[in-house]
Amino acid sequence: MRPRTLLVPVTIGLAAVVGFSGPGLVSASAHGAATAGSCGPAHRYVDAESAVAKAHAVVIHGKHATLHCGGPDDYSYVIGKAVTLRMLMTGTVVVWKMPEDPSQGTRTIPATNLPHWLKRNAGEPIYKIHGPSNAVMKLVEKWHP
C-alpha cells in the first residue's frame with residue numbers, strides 16, 4: 001500500500017509545524033488546483049491500483065476517492081472503499097506526458113493502454129471518472145505529488 005499524507009500549508013500556523021499524516025489521505029499540489037465545483041461526493045474519482053484488458057472492457061480495480069477542498073490551493077483526496085470499474089474499450093484516458101512534471105502537459109491514450117500506464121505510473125493513480133461505473137467512457141489523471 002502506498003503511503004498517504006496530508007500536507008498543510010505553512011500559513012495555517014502551528015498545524016503546519018506539527019503536520020498530519022494517516023491512512024486515507026493523499027497530499028495536495030499547486031498543479032491542477034481544485035475548484036469548489038470539483039470537490040465533494042458529487043464528483044467521482046478513483047485511486048486506481050490495477051487494470052486488465054478483457055474481451056469487451058478494461059476492468060479497473062482501485063479505491064473510491066473524494067476530493068476534499070480546504071481553500072484555493074489546499075485540497076486532498078480522501079481514499080475510501082474498494083471499487084471495480086468497467087471501462088469501455090472505446091474509452092479514453094487523459095494522462096500526464098511526464099508523471100513527475102505536469103507542466104509538460106497531457107496526452108490521451110486508449111483505454112486498452114491503461115494497464116501498461118498504471119504499471120509505469122503507479123505513484124500517481126488518481127483519475128476523475130466520466131460515465132457510470134459499469135461503462136466508464138473517460139478517465140482524467142489528476143496530479144498529486
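Contact here means heavy atoms within 4.5 Å. By that criterion, residues 24 or more positions apart account for 51% of the contacts in the chain with a separation of 6 or more. The model is predicted.

**Overall composition**

The chain has two helices and nine strands. Read from the N terminus, the order of elements is β-α-β-β-β-β-β-β-α-β-β. Of its 145 residues, 40% count as buried. The exposed surface of the chain is about 7700 Å², and carbon and sulfur atoms supply 61% of that area.

**Nonpolar cores**

The largest nonpolar core contains 18 residues, and the members that touch the most others are Ile60, Met87, Val93, Leu114, Tyr127 and Leu139. The elements in the table each supply at least two residues of this core.

| Element | Residue range |
|---|---|
| Strand 4 | 45-53 |
| Strand 5 | 57-71 |
| Strand 6 | 74-96 |
| Helix 2 | 114-120 |
| Strand 8 | 126-130 |
| Strand 9 | 136-141 |

Strand 6 contributes the most, with four residues. A second core, separate from this one, has eight residues, including Cys39, Ala65, Tyr75 and Ile126. In soluble globular proteins, nonpolar side chains tend to be buried together.

**Leu114**

Leu114 is located in helix 2. Because its relative accessibility is 0% and the cut-off for burial is under 20%, Leu114 counts as buried. Apart from neighbours within four places in sequence, Leu114 is in contact with Ala51, Ile60, Val93, Ile109, Tyr127 and Leu139. Among these partners, Ile60, Val93, Tyr127 and Leu139 are also listed with Leu114 as core members that touch the most others. Leu114 and Ala53 are 61 residues apart along the chain, while their C-alpha atoms are separated by 8.3 Å.

**Pairing around strand 9**

Strand 9 pairs with strand 6 in the parallel sense, over four bridges. Within this part of the structure, Val94 stands opposite Val140 of strand 9. Strand 9 is also joined to strand 8 by four bridges, and these two strands run antiparallel. Here Lys128 has Val140 in strand 9 as its bridge partner. Val140 thus appears in both sets, opposite Val94 and as the partner of Lys128.

Strands 8 and 9 form a hairpin with five residues between them. Gly131, in the turn of that hairpin, has a positive phi of about 110°.

Note on methods. Residues are numbered from 1 along each chain as its sequence is written. This is a predicted model: local features need pLDDT of at least 70, side-chain atom pairs count only at pLDDT 80 or more; totals for chains, interfaces and linings use all residues. Side-chain values use heavy atoms; hydrogens and water are left out. A nonpolar core is a set of buried Ala, Val, Leu, Ile, Met, Phe, Trp, Tyr and Cys residues joined through side-chain atoms within 4.5 Å. Buried means under 20% relative accessible area, exposed over 50%, partly exposed in between (1.4 Å probe, protein chains only). Accessible areas come from the Shrake-Rupley method with a 1.4 Å probe; for residues, only the protein chains shown count as cover. Two strands pair if DSSP finds at least two bridges between them.
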